[in-house]
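Got the viewer open? Let's take a walk through this chain, one selection at a time.

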Amino acid sequence: MILCLPEKLLVVTIATKDTDGFRRFLRSAKHFNYTILGRGQKWNGGDYMSAPGGGQKVRLLKAALEKMKNADQIILFIDSYDVVFASSPKELLKKFQQAKHKVVFSSETLIWPDRHLEDKHPHVREGNRFLGSGGFIGYLPNIKEMVANWTGEDNESDQLFFTKIYIDPAKRKSINITLDSKCRLFQNLHGALDEVVLKFENGRVRARNVLYDTLPVIIHGNGPTKLQINYLGNYIPSAWTFETGCTVCLDDLYSLTESEYPLVMIGIFIQQPTPFVTVFFERLLKLQYPKNRLKLFIYNQEAHHGPQVSSFQQNHGSLYQDIKVMGPEEEMDATADLCRNDKDCDYFFSLNIEVVLKNENTLKILIEQNLPIVAPMITRAGRLWSNFWGALSGEGYYARSEDYVDIVQGQRMGVWNVPYVSSVYLVKASLLRSELKDYELFNSPILDPDMAYCHNVRNKGIFMYVTNMHTFGRILSTENYQTTHLHNDLWQIFENPVDWQDRYIHANYTHIMKDNLIETPCPDVYWFPIFSDVACNHIVEEMEHYGKWSGGANVDTRIQGGYENVPTIDIHMNQINFEKEWQKFLLEYIAPITEKMYPGYYTKAQFDLAFVVRYKQDEQPSLRPHHDASTFTINIALNQVGLDYQGGGCRFLRYDCSIQAPRKGWALMHPGRLTHYHEGLPTTAGVRYIAVSFVDP
C-alpha cells in the first residue's frame with residue numbers, strides 16, 4: 001500500500017488485510033489529506049507480535065523501490081495496523097531535515113530480538129539507544145542501498161536485519177543512518193508507556209513524550225501495546241476533543257430501511273438466579289424492531305427461572321420468526337454457532353438476563369453504528385460499575401483507564417474502542433463466519449466466558465466498541481438474591497432500588513408534589529398513590545402463600561405484652577422476614593410526604609407493628625372504633641373495591657368523615673393517637689386486604 005503525499009514525501013506501508021486497525025490508520029491519514037494507492041497481498045511474514053518475523057515487509061519494500069528513480073524522493077516506511085498519524089507531512093519533513101541524516105529510524109528503550117547485540121549499539125547522548133524497524137524515513141537511494149542485500153525468507157526478522165545494518169559502523173556511515181532517539185518523529189509505545197500522555201490543545205489531540213518533551217508525528221503500538229494504541233486512537237488525531245466532542249461517531253453509519261431490516265439473532269443468557277426476570281421479558285417485547293426479523297434463543301442454566309422462560313415462550317414465541325430454548329447441557333459456543341451456521345443471520349445480539357434495556361431503540365442504534373462488535377454502555381445504578389473495561393491489567397483483568405470515569409458519568413460522549421465488553425453487545429454475523437469461525441469463543445481453562453470471548457476477539461485484531469451516545473439502561477445486581485419466597489423481587493429494595501421502584505411504586509408517585517396529587521378527604525388525613533398494581537398483588541399473594549393468618553383474638557404472642565386490644569386477622573411483616581425492607585420503604589417513600597404534610601415533624605419511620613389485614617364478611621368484616629399505637633398511621637389498599645370486594649373503608653368519628661371507596665395502591669396517612677379515633681367499615685362481599693403501619697410508636 002502506498003500513500004502519495006505532497007512535495008517529495010512518499011509513504012509506504014504493507015497492508016495485506018483490511019483490518020479494523022488499518023481502517024483506523026487510513027482515517028488518520030485522510031485527516032491529513034494523504035492520497036492512497038495500493039493493493040493487498042497475502043501475509044506470509046509470520047506472527048511478529050510474539051516472535052521474530054516480518055521479512056515479507058522488506059521483500060515488498062525492496063520490490064516497490066526498484067521501480068522508483070527520483071534521487072530526491074523521501075520514503076517513509078511504517079507499519080499500519082497499529083499506527084496512527086498525529087500530525088502533518090509538513091511537520092514530519094521538517095523534523096526529518098532537522099535530524100541531518102539520510103535515514104532516520106524510530107527508537108526503542110528495549111533491544112529485540114537479540115539481546116546479545118546490546119553492546120554493539122552506539123551510545124547516544126540522550127534518549128533511546130535501540131532501533132525499531134516499525135518506522136523509518138529516508139532518501140530513496142539510501143533506503144535502496146539499505147535493503148539491497150535482503151535475501152531472507154518472509155518469516156525472518158526485519159528488525160534483526162535492520163539492526164545488523166545499524167550496528168555495523170561502516171554500513172551505518174555509508175547509508176548515513178541515525179535514530180530518532182527523543183521520539184520527535186516516531187513514538188514506539190513498547191517500553192515507553194509511562195512516557196506518553198495525551199495532550200489536548202486547541203481542538204487537536206497529540207501524544208506527548210513527557211520524558212523528552214516532544215510531540216511525535218507517528219504513534220506506533222508495537223509489540224504488546226495494541227490496547228494502548230487503541231486507547232490513544234480514540235482521541236488522536238482529533239477523533240474526540242473537549243471542544244468538538246466525538247468527530248467520527250457519525251462516519252460510515254449504516255442506514256436502516258423499513259423494507260430491509262437485517263435478521264438479528266438474539267441470544268438471551270440466564271446463568272444465575274436474577275431479579276425482575278418477568279420485567280426483562282416485558283421489555284424485550286417492547287424492543288422497537290420487527291419481530292418477524294428476530295430469532296430468539298434462550299440459554300437457561302438456572303432451573304429457578306424455567307417457569308418464566310416457559311411462560312414467555314408459550315405466550316409470545318409465535319410473534320418471532322423463531323424461538324429456541326437451550327439448557328445447561330449445551331455449550332455456550334453452540335449459541336454463536338446458531339447464528340454462524342444460519343445463512344440468513346446478519347447480526348448476533350448477546351443479551352444477559354440481568355440487563356435492564358430501557359431504550360427501546362437500542363438494537364436499531366447499534367446496527368446503525370456499522371461496527372464489528374459494539375456494546376451499548378450500561379451501568380449499575382449509583383455505581384461506577386459498567387459493562388466495559390477501559391484498560392486491562394498485566395494479568396488480563398480489569399484496570400481503570402484515565403477516561404473511564406468520564407465516559408461512565410457521561411462527561412465524554414462518543415464511541416470508544418475498548419478491550420472488554422460484556423452483558424450486552426452486537427456482533428456482525430459475517431465476523432463469526434470469517435475471523436471468528438474457528439474459535440471456541442467462550443472457552444478458556446483460566447478465564448470466565450466473557451473474558452475468554454474478549455481475549456479471543458482481541459487476539460484476532462478485531463476491535464470492540466462501546467457507545468454512550470445514548471442512554472440505554474442499566475444492569476442489575478444479582479448479589480444477595482434469595483429464591484425462598486413466592487415473589488422474591490419484593491426483597492430487592494436494597495440491592496436494586498431503582499428497579500424496585502420501577503416495579504412496585506405507583507407511576508404517579510413522583511408527581512405527587514408537583515401535580516398536587518395529595519388529597520385531604522378528612523381533616524389531617526392525606527390520601528395519595530404509593531403502590532403499583534403489581535406491588536399490591538405481590539404483597540397479597542405473598543401473605544396468602546405464607547398463609548399463617550392470626551385468629552383475630554385479643555391474646556397475641558407476636559406483640560409486646562402479648563395482648564391486642566383491637567385485634568385483626570393479619571400477618572406481620574416480620575413473619576415473612578420483610579420488616580427491614582418495609583422500614584426502608586417507609587423511610588424512602590412515606591417519610592418525605594409525612595414531613596411535607598405535617599410541617600416540623602421529622603420521622604425515622606420506626607415501627608413496632610406493620611402488617612397486612614384481611615377482611616371477609618364471614619371472618620372479620622370490620623373493626624370497632626379505636627386509636628392506633630402510633631404517632632401516625634399508614635393504611636394502604638391492596639385490592640380494588642367493586643372488583644375484589646364490596647363495602648369497606650374507614651370512618652373518623654371525631655369528624656364524622658368516611659373514605660368509602662379506597663383506591664388500590666393508594667395510602668391513607670393520619671395521626672394515630674388522640675384526635676383520629678376511627679373504625680373499619682364492614683366488608684360486605686369478597687375479600688379486602690390492607691397494609692397497615694403504626695409508625696413512630
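What follows is a tour of a few stops in this model, which is predicted.

**Stop one: a pair of helices.** Select helix 2, residues 55–66, together with helix 4, residues 140–147. Their axes come within 10 Å and cross at roughly 135°. Angles between 115 and 145 degrees count as oblique, so helix 2 is oblique to helix 4. The crossing of helix 2 past helix 4 is left-handed. Now show side chains: from helix 2 you want V58, L61, K62, L65 and E66, and they meet L140, I143, K144 and V147 of helix 4. Which classes of residue make up this contact? There are six nonpolar and three charged residues, with no polar ones. While you are looking down a helix, keep in mind that an α-helix has 3.6 residues a turn, so residues three or four places apart point the same way.

**Stop two: a covered helix.** Jump to helix 11, residues 362–369. Is helix 11 mostly covered or mostly open? Mostly covered: six of its eight residues are buried. To see them, pick T362, L363, I365, L366, I367 and Q369. Then step just past the end of helix 11 to N370, where phi is positive, near 60°.

**Stop three: strand 30 and its partners.** Select residues 525–529, which are strand 30. How many of its five residues are buried? Five of the five are, so to speak, under cover. Turn the view and check each face of strand 30: V525, W527 and P529 sit on one side, Y526 and F528 on the other, and all are buried.

Next, bring in the neighbours. Strand 29, residues 519–522, pairs with strand 30 in the antiparallel sense over two bridges. Here C522 is the residue opposite V525. Two residues lie between the strands of this hairpin, and D524 takes a positive phi near 60° there. Then add strand 38, residues 666–671, which also pairs with strand 30 in the antiparallel sense, over four bridges. Look for A667 of strand 38: F528 stands opposite it.

**Stop four: a loop residue.** Go to Y563, in the loop between helix 16 (533–546) and strand 31 (570–572). Is Y563 buried or exposed? The relative accessible area of Y563 is 51%, so this residue is exposed, the cut-off being over 50%. Show what Y563 touches: leaving out residues up to four places away in sequence, the contacts are N554 and D556. For a sense of scale, draw a distance from the C-alpha atom of Y563 to that of H101: the two are 462 residues apart along the chain and separated by 101 Å.

**Stop five: a four-stranded sheet.** Finish with the open sheet whose four strands run in the order 33-39-36-37, with antiparallel pairing. Which strands are at the edges? Strand 33 (623–626) and strand 37 (657–659) are, each pairing on one side only. Neighbouring strands of this sheet are turned against each other by 15° on average, ignoring direction. For a closer look, select strand 36, residues 650–652, which pairs with strand 37 in the antiparallel sense over three bridges. Within that pairing, C650 has I659 in strand 37 as its bridge partner.

Methods:
Residues are numbered from 1 along each chain as its sequence is written. This is a predicted model: local features need pLDDT of at least 70, side-chain atom pairs count only at pLDDT 80 or more; totals for chains, interfaces and linings use all residues. Side-chain values use heavy atoms; hydrogens and water are left out. Two strands pair if DSSP finds at least two bridges between them. Axes are lines fitted to C-alpha atoms, for helices over the stretch in contact, and angles run from 0 to 180 degrees between N-to-C directions. Buried means under 20% relative accessible area, exposed over 50%, partly exposed in between (1.4 Å probe, protein chains only). Angles under 35 degrees count as roughly parallel, over 145 as roughly antiparallel, 65 to 115 as roughly perpendicular and the rest as oblique. A crossing is left-handed if the near helix is turned anticlockwise from the far one by less than a right angle, and right-handed if clockwise. Contact means heavy atoms within 4.5 Å. Ala, Val, Leu, Ile, Met, Phe, Trp, Tyr, Cys and Pro count as nonpolar, Asp, Glu, Lys and Arg as charged, and the others, Gly among them, as polar.
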